[in-house]
Amino acid sequence: MAEEFNTDGMLDMFLFESTQLLEKLEGIILEKQDAECFDDSDINEIFRIMHTIKGSSGIMLFENITKVAHKLEDVFYYLRESRPENVPHLELVQKVLAVSDFVNAEMDKIREGNKSDGDEKEIVADLDAFLKQLKGEIKEQGIKLPRENKHEEPTQFYIAPVASPDSLFYRIVIHYRNDTQMSNIRAYSATYALKEIAEDLLYSPEDIISNEESSEVILSEGFYMLLQTKNSKEDILALIDSVEAEKIDIDQITAEQFGKGLAEINHEPIMPEQPVQAAETPTAAPAAEVPQTDKSKPIAPGDYVVKSKETGKGKTLAKNQPKQQSIISVSIEKMDALMDLIGELVISEAVVLQNPDLKVPGLELSNFQKASGQLAKITTELQETIMSMRMMPLTNTFQKMRRIVFDVSRKLGKEIELEVIGENTEVDKNIIEHISDPLMHLVRNSVDHGIEENADDRVAAGKPAKGTITLEAKNEGGKVYISVKDDGKGLNKEKLYAKAKEKGLLGTKEITDFTENEIYRFITLPGFSTKEAVTEYSGRGVGMDVVVKNIQGIGGRLEITSQEGEGSEMTLIIPLTLAIVNGIVVKVGNSSFVIATSSVKQFVRLSQDAIVTEPSGEEYIILRGTYYPFIRLNKKYQIEDSQEDIENGIVVILEHEGKQICILIDSLVQEQEIVVKPIPPYIKKVRGLSGCTQLGDGSIALILDIAGLIEDEERS
């Protein structure tokens, strides 16, 4: 029977699961892009993915996605059933990626609250033409075409029974795992899938869509179906999504048993049409525990979940079965809110433990110290736990880079292989969102600028004709290092200098005034490009400067190394997380500042003789024969009652991206974990400050932006 239902509560689940399936699809495709063909397991997996997306999008009434998914499912259905030879592999890869792009674009519209209104006609027609080409190949090879993979619109689920002599009758019981969410929707998907082969289909509970409480019934008792069809058990099992199923029972029944309906047959013993003779010895295993299979047929994927259940008994769990891990999906907004609360807890802990009232002489605080130590331990463990929950592997981000290399290299006519190392390295979710675009620019830069235009030039230089780009990630010292390395032509220092000089980016400085690394960093200057002509991918002078700005915005840096003729390597060095960082609290007058511990190179006390003053008023520090730009924070931020004499203050040497600078402070306070808070929007942005935090005494401290200080000093 057709049911009226509301899909609002199912939308998030549809988007989440479809996104995961598409990521898995692209992973399979890009992994086998250079192979001669897809193997059987790949074909079966892609077929299953498209079948699932087709079913779920059909339930959600996104017809254009359903049609595209069904047409690609048809293609892989023929590949699976007919196994034709000489399939154009690269063309097939491009067809699948086109479908993935279409479905992703439609889901982006849905996420933004818009209609899924993309025109699927062109892509469906293209797939249909490709499918006809495959069928033509099959006929030429003399292979019998398989039956059509028919699909009917889900107008209703009850079909009047029209039994024929070759009709078969089955009772199907699906037992979902106890932690399965929205099991009623899973059950609905099963009925939707079986609709394609059903002559008659009944199921219980009947109100799986209109009644959310049916989920509890399904989890406790199982989902029952009676099916009349001409297909085998293997065909039925292939159509049912078994991802969340703990066990699927498929029993063949008689027409008389089928006619009794679900009410009478639900828990009734199933009698086989032909008696099964079992051995009469006392030690013989019961026949129900040894399912009979046709040994001439290969075992189909999923056969292991078809088990016979003891007659007359409900669902039971094996006592010796290992406990399965329970996983739930949590909105990232809730995770962010929890992270904010833990940040406030860290601040509150500092307020309690650093309370001035505790510094009264003569107080006996041994019990308080024990309790505060336990509080600090729990707070730290809680912080580490939530941080680990927010950590995600870079797998999906790196997979997107595979797609970029695949698309760009083919459009540029270059043969390039992408090697991925450390894709399971975990990074905070917010960090991943910030590095996705910069990493894309670096990869495209390596494909377009790094790898030689002509493969003959590579061969002449003693390199393989196919270029290689290596994408690597690793954790080291509380930082994440993500490098993009190519074996291309490398960077030419003279050419970079001449181009920067031509664009007026260097003033009167000569090439000898720059170090090798400083010349390499010219490519990150706004408006800089070595391309003479503007193309789809380069030549506009934007890209690398965006990379630097985005990475600096999250407290990271970009390092560039190169060897002309051998290749280049660009490395992003970023923090593991943005929310809570280690910092050193310093005082300048009555104002407090926080410096990230990773930026501090040295604390020194110097005499007045160490200062060199330029005629323009700029000051430098001479330390062990090296000149460092010198900034007095009290003058820069107009702070009163602070140290003017360098001998009474402390000089801090700071480093960022290989550049160093000195600042003068009055005193060191302490090192502590700080919760980074943005500067309120109603306060004008000040160069050299990246945020603020609350200290244990309730006062506010400003967080120094070392990159901003260095950039500001260079401009002045």
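## A walk through a predicted model

The side chain of Asp487 reaches the backbone nitrogen of Thr468 at 3.0 Å, a polar contact in the sense of a pair of N or O atoms within 3.5 Å, where within protein one must be able to donate a hydrogen and the other to accept it, and residues adjacent in sequence count only if both atoms are side-chain atoms. Before going on, please note that this is a predicted model, in which local features need pLDDT of at least 70 and side-chain atom pairs count only at pLDDT 80 or more, while totals for chains, interfaces and linings use all residues. Residues are numbered from 1 along each chain as its sequence is written, and side-chain values use heavy atoms, with hydrogens and water left out.

### Around Asp487

Asp487 sits in the loop between β9 (479–486) and α16 (493–502); helices (H or I, at least four residues) and strands (E, at least two) are DSSP runs, numbered from the N terminus. A polar contact of 2.8 Å also links the side chain of Asp487 to that of Arg458. Apart from neighbours within four places in sequence, the residues in contact with Asp487 (heavy atoms within 4.5 Å) include Ile451, Glu452, Lys463, Gly467, Glu566 and Gly567.

### The protein as a whole

The protein has 20 helices and 22 strands. Of its 716 residues, 43% count as buried, where buried means under 20% relative accessible area, exposed over 50%, and partly exposed in between (1.4 Å probe, protein chains only). The accessible surface comes to about 38,300 Å², with 50% of it belonging to carbon and sulfur atoms; these areas come from the Shrake-Rupley method with a 1.4 Å probe, and for residues only the protein chains shown count as cover. Among contacts with a separation of 6 or more, 72% are between residues 24 or more positions apart.

How confident is the predictor? The mean pLDDT (its confidence in each residue, from 0 to 100) is 77, and 82% of the residues reach 70 or more. Over residues 1–7 the pLDDT is below 50, and this stretch has 19 contacts in the model beyond near neighbours in sequence. Residues 151–161 also have pLDDT under 50, with 31 contacts beyond four places in sequence.

### Two helices with a buried side

Helix α11 covers residues 332–353, and its 22 residues should span 32 Å at 1.5 Å a residue (1.5 Å times one less than the number of residues); the end C-alpha atoms are 31 Å apart, which agrees. Buried in α11 are Met335, Met339, Ile342, Gly343, Val346, Ile347, Glu349 and Ala350. They cover an arc of only 155 degrees around the axis, so they are on the same side of α11; the arc is that of the directions from the helix axis to the C-beta atoms. An α-helix has 3.6 residues a turn, so residues three or four places apart point the same way. Glu333, Lys334 and Leu341, on the other side of α11, are exposed. The partners that the buried residues pack against are α12 (366–390), β12 (580–588), β20 (667–675) and β21 (689–694).

In helix α18 (residues 544–553), the buried residues are Met544, Asp545, Val547, Val548 and Ile551. Seen down the axis of α18, they fall within an arc of 155 degrees and so line one face of the helix. Lys549 and Gly553 are exposed on the other side of α18. The buried residues pack against α14 (429–450), β10 (557–563) and β11 (567–575). After α18 comes Gly555, with a positive phi near 80 degrees.

### Backbone details in the loops

Most residues other than glycine have a negative phi, and most peptide bonds are trans. Here are two residues with a positive phi.

| Residue | Phi | Loop | Relative accessibility |
|---|---|---|---|
| Leu61 | near 70 degrees | between α2 (40–59) and α3 (63–82) | 60%, exposed |
| Gln638 | about 55 degrees | between α19 (633–636) and β18 (650–656) | 71%, exposed |

Which peptide bond is cis, with omega near 5 degrees? The bond in question runs from Ser204 to Pro205, and Pro205 lies in the loop between β2 and α7 (214–221).

Strand β2 (residues 198–204) also holds Leu202, which counts as partly exposed at 23% relative accessibility. The C-alpha atom of Leu202 is separated by 5.1 Å from that of Leu226, 24 residues apart along the chain.

Methods: pLDDT is the predictor's confidence in each residue, from 0 to 100.
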